[in-house]
Amino acid sequence: MSAQAIAALQASGSTLAEREKALRPVLREGFDMGRIARFVAGRYWKRATPEQQKEYTQVFSEYVLATYARRLGGYAGEDLKVLAEKPAGPKDVLVKTQIVSGSGGPAIDAEWRVRTGDAEGPKVIDVLVEGVSMAVTQRQDFASVIRRDGFDGLINVLRARAGRQGVRQ
C-alpha cells in the first residue's frame, strides 16, 4: 500500500485532483472500512437498525476516503519512509512512518495500526498522529453528534462533510 501511495504522491505533472483520485482506490483497498465504522460508532452501532448500519457504513467510508485522499493528495514529491514496525497484540502491527517533505518542511510522523490476522490480508484499522488515535477521536466526536441528533443525524452530518470534500453521493 505504501508503494502505491508513494507512486500516486510522486506522479510527475499530476494535479491535486489527480493525486486525490489516484489515492482513493489505494485507501479503499488498504483500510478495513467496515471494522473502523463499527468501532467509531461504538455502543450506538448495536442500537442502529440494519438499514442505518448499512447506510452509515457506506457514508462513513466515503467520508474517510475523501478526507484522507484530500489530506494526503496535497503532498507532491514527498517520500514516505517506513521506520519501524512492532507487534500490537496477537493480530495487529503498528507501522511507524514518516512523510518527508522534498521542500525541507517538517516531516510528519504517523503510526498505522494494521490488522494482519484476517483472511482479506493486512488492513489499516487506525492511524495515530502524534500518538492520538484518529478512530478514538472520531468515536468521541460521533458520540456527541448521536446524542444530540440521533444516528440518522450522524449519517446526515457525514454525508454533508463528504459532499463538501467533493464526494458525489
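**Close-up views of a predicted model**

**View 1. Serine 133 and its polar partner.** In this predicted model, the side chains of serine 133 and aspartate 126 make a polar contact at 2.5 Å. Serine 133 belongs to strand S5, which covers residues 132-133, and this serine is buried, with a relative accessible area of 11%. When neighbours within four places in sequence are left aside, the residues in contact with serine 133 are Asp126, Val127 and Leu128, so that aspartate 126 appears both as a contact and as the side-chain polar partner of this serine.

**View 2. The largest nonpolar core, centred on Tyr56 and Phe60.** The largest nonpolar core holds 35 residues, and among these Tyr56 and Phe60 touch the most other members. Two or more residues come from each of helix H3 (33-41), helix H4 (44-47), helix H5 (50-73), strand S2 (92-100), strand S3 (108-115), strand S4 (123-129) and helix H6 (134-164). Helix H6 gives the most to this core, contributing eleven residues. Not counting residues up to four places away in sequence, tyrosine 56 touches Ala37, Val40, Ala41 and Trp45, and also Phe142, Phe151, Leu154, Ile155 and Leu158.

**View 3. A salt bridge between strand S4 and helix H2.** One of the seven salt bridges that the structure holds joins the side chains of lysine 123 and glutamate 29, with an N to O distance of 3.8 Å. Lysine 123 lies in strand S4 and glutamate 29 in helix H2 (residues 16-30), and the pair thereby links distant parts of the chain, 94 residues apart. The two partners fall into separate exposure classes: lysine 123 counts as buried because its relative accessibility is 10%, under the 20% limit, whereas glutamate 29 counts as exposed because its relative accessibility is 55%, over the 50% limit.

**View 4. A salt bridge between helices H5 and H6.** Glutamate 55 and arginine 159 form a salt bridge in which the closest N and O atoms are 2.3 Å apart. Here too the pair links distant parts of the chain, with glutamate 55 in helix H5 and arginine 159 in helix H6, 104 residues apart. Glutamate 55 counts as partly exposed at 32% relative accessibility, and arginine 159 is likewise partly exposed, with a relative accessible area of 25%.

**View 5. Further charged pairs.** Side chains of opposite charge can pair when their charged atoms come close. Arginine 148 and aspartate 149 form a salt bridge, their closest N and O atoms lying 3.1 Å apart; arginine 148 counts as exposed at 58% relative accessibility, while aspartate 149, at 39%, counts as partly exposed. Elsewhere, a network of salt bridges links Asp92, Arg113 and Arg115.

**View 6. Helix H1 and the confidence of the prediction.** Glutamine 4 is found in helix H1 and counts as partly exposed, at 48% relative accessibility. The C-alpha atoms of glutamine 4 and proline 25 are separated by 9.7 Å, the two residues being 21 residues apart along the chain. This view should be read with the confidence values in mind: helix H1 (residues 2-9) is where confidence is lowest, at a mean of 73, and H4 is where confidence is highest, at 96. For the protein chain, the mean pLDDT is 84, and 86% of the residues reach 70 or more.

Key:
Residues numbered from 1 in each chain as written. Predicted model: local features only at pLDDT ≥ 70, side-chain atom pairs only at ≥ 80, totals over all residues. Heavy atoms only, no water. Core = buried A, V, L, I, M, F, W, Y, C linked by side-chain atoms within 4.5 Å. Buried < 20%, exposed > 50% of the residue type's maximum accessible area, 1.4 Å probe, protein only. Helix = DSSP H or I, 4+ residues; strand = E, 2+ residues; numbered from the N terminus. Contact = heavy atoms within 4.5 Å. Salt bridge = Lys/Arg side-chain N within 4 Å of Asp/Glu carboxyl O. pLDDT = per-residue confidence, 0-100. Polar contact = N/O pair within 3.5 Å; in protein donor to acceptor, adjacent residues only side chain to side chain.
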